[in-house]
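Trainee: Before we talk about this one, could you put the sequence and the model up?
Mentor: Sure, here they come.

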There are 2 protein chains.
Amino acid sequence: MTRQALRVALDQGTGPSGDTGAALERLADRAHAAAAAGAQLLITPEMSMTGYALGPDEIARRAEPADGPLSRAVADVAARAGLAIVHGFPERDGERVYNSAQLTDAHGAVLATYRKTHLFGDLDRGAFAPGADLLVQADLHGHRIGLLICYDVEFPETVRAHALAGADLVVVPTALMAPATAVATLLVPARALENQLHLAYVNRCDGEAGLDYVGLSTFVAPDGAELLRAGSQEVLLVADLDTEAARASSAEPSYLEDRRPNLYRPLTR
Amino acid sequence: MTRQALRVALDQGTGPSGDTGAALERLADRAHAAAAAGAQLLITPEMSMTGYALGPDEIARRAEPADGPLSRAVADVAARAGLAIVHGFPERDGERVYNSAQLTDAHGAVLATYRKTHLFGDLDRGAFAPGADLLVQADLHGHRIGLLICYDVEFPETVRAHALAGADLVVVPTALMAPATAVATLLVPARALENQLHLAYVNRCDGEAGLDYVGLSTFVAPDGAELLRAGSQEVLLVADLDTEAARASSAEPSYLEDRRPNLYRPLTR
């Protein structure tokens, strides 16, 4: 597969929590701005289309199937703006509700839907079932994209699994709150470096139900360098995958090749 | 087991490369200085007693069994100074030579000998066989100590395995060279935070065979905070295990408890 350039936009912010109509309007605005800046992929935060800390009952009421009306509305935004979108939403599958992220391409086709596998505290456990599949990937412009959500990325096993499955870029919608800034500044860049891949981490920066989301969205190159780093304000950030850094890092000692998998069995028990 | 306070000394520096007699004299000097500062454990860099980039033939000539004369000489230094020591040396076992680190207690008893499992490039592969055991641990003053060496710590699987096996402190003698400073500043603090344990990373800061060791030794708390951080000069650093940070981190969401081991099978293939 030929790798083309890939320009990525990080949408640090969300619509008003609990107002999906306003979130869709805002998404259309950001999608057009990102496309005008030449971006081919727009990434939004965890549960970007509904709000996150709404409580289990409200989450359950708003939950929709992966191919429901919200998914079709986002697909319409993507097709109109002409770029791929990752959005977050509560996904209904029968009686179960998942904390999900969906990748839709520039023609409005759903490429992948990922259900958060590592649930964070009562906030997640009260509202969501844990996803059963860690590796959800799709190809976009010749790049293999892996999806994770928030707390997932704090576990090195998750990004490692994506790297071993060939991911070039791991996309992580998040809702990181104070005081855990070291997740954004330390763990996230480490995940890119230790796996020699790109990683985009896209956070909220507002408040919700007493939670203080810290922003600090970032786009990290395979050598651990921060191509983008947001502060604590609402912002649309745009940058290209650093294909030169990817090439250079593949010429260095390869972490993936130098692993000793037979020594890692304790990690699966 | 009761956890007592543990004061740790990091010896950033080594004796003259290739001169084990001078390295032993220097070790005795540092051991007495560390003990005078109240330290109970002195950690020295990778291959601290012989030099590292000596070439395969010289390494093989200097290699000794884990209970050989060098081990006994270090044990004598430890017993005289009255503190535990971690030193690095080329270990002979029949025809094989390993890149090893040994923990000796304050009475001169050898508690553990670890053989580097992740070999770095031609420098290691030309001179050493890879260790077969990842998990080498020992108890010191009620703290479970795990041993790793240099490149090992760049793989998240290694420290995770130690954390799952109950390590409170992972000790990492290293010989990190330019330009890989991000290993010391990014990956090493991430390892401590993602496993909620203490980690001591002790480097050289001189030059050897064209290699430029970058110093930056550090002692990181379970919340990712740097208790100590050296620059690029020779220095003896002393600090206590942050038992308060360890307690606080054990009260937070536990990364070890929130793992999904059945999803991590790709890591062992």
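What follows is a talk through the terms and the values behind them.

Mentor: Ground rules before we start: this is a predicted model, where local features need pLDDT of at least 70, side-chain atom pairs count only at pLDDT 80 or more, and totals for chains, interfaces and linings use all residues. Residues are numbered from 1 along each chain as its sequence is written, chains are lettered from A and ligands numbered from 1 in the order in which they are written, and side-chain values use heavy atoms, with hydrogens and water left out.

Trainee: How do you know how many residues of chain B are in contact with chain A?
Mentor: Contact means heavy atoms within 4.5 Å. By that rule 43 residues of chain B touch 43 residues of chain A.

Trainee: And what is the area that the two chains bury between them?
Mentor: Buried area is the accessible area (1.4 Å probe) that two parts lose on being put together, summed over both. Here that comes to about 3700 Å², with 63% of it on carbon and sulfur atoms. Tyr255(B), Leu267(B) and Thr268(B) supply 17% of what chain B buries against chain A, more than any other three residues.

Trainee: Why is the pair Glu157(A) and Arg259(B) called a salt bridge?
Mentor: The term asks for a side-chain nitrogen of Lys or Arg within 4 Å of a carboxyl oxygen of Asp or Glu. The side chains of Glu157(A) and Arg259(B) come to 2.9 Å, N to O, so the pair qualifies. The rule finds eight salt bridges across the interface of chain B and chain A, and 44 in the structure over all chains.

Trainee: Which elements of chain B give two or more residues to that interface?
Mentor: Helix 5 (156–164) and helix 6 (181–195) of chain B. Helices here are DSSP runs of H or I with at least four residues, strands are runs of E with at least two, and both are numbered from the N terminus. Helix 6 of chain B gives the most, with 10 residues.

Trainee: What makes Glu194(A) and Arg191(A) another example of a salt bridge?
Mentor: Their side chains meet at 2.8 Å, N to O, which satisfies the same rule. Both lie in helix 6 (residues 181–195) of chain A, three residues apart, about one turn of the helix.

Trainee: How do you know that strand 1 and strand 14 of chain A pair?
Mentor: Two strands pair if DSSP finds at least two bridges between them. Strand 1 (residues 7–12) and strand 14 of chain A have six bridges, in the antiparallel sense, so they pass. One of the partners is Ala239(A) in strand 14, across from Val8(A).

Trainee: What sheet does strand 14 of chain A belong to?
Mentor: An open sheet of six strands in chain A, in the order 5-4-3-2-1-14, with mixed pairing.

Trainee: Why are strand 5 and strand 14 of chain A called edge strands?
Mentor: Strand 5 (110–115) and strand 14 (235–240) of chain A each pair on one side only. The twist in this sheet averages 30° from one strand to the next.

Trainee: What joins strand 4 to strand 5 of chain A?
Mentor: They form a hairpin with five residues between them, and Gly108(A) in the turn has a positive phi of about 90°. The two strands pair in the antiparallel sense over five bridges, with Gln102(A) partnered by Thr113(A).

Trainee: How does helix 3 of chain A run relative to strand 3 of chain A?
Mentor: At about 175°. Axes are lines fitted to C-alpha atoms, for helices over the stretch in contact, and angles run from 0 to 180 degrees between N-to-C directions. Helix 3 (residues 69–81) lies across strand 3 (84–93), strand 4 (96–104) and strand 5 of chain A.

Trainee: Which strands make up the sheet that starts with strand 6 of chain A?
Mentor: The order is 6-7-8-9-12-13, an open sheet with mixed pairing. Its edge strands are strand 6 (137–140) and strand 13 (226–229) of chain A, and the twist averages 15° from one strand to the next. Helix 6 of chain A packs on this sheet, touching strand 9 (198–202), strand 12 (218–220) and strand 13 of chain A.

Trainee: What is the omega of the peptide bond between Ala178(A) and Pro179(A)?
Mentor: About 5°, and the bond is cis. Pro179(A) lies in the loop between strand 8 (169–173) and helix 6 of chain A. In chain B, the bond from Ala178(B) to Pro179(B) is cis too, with omega near 5°.
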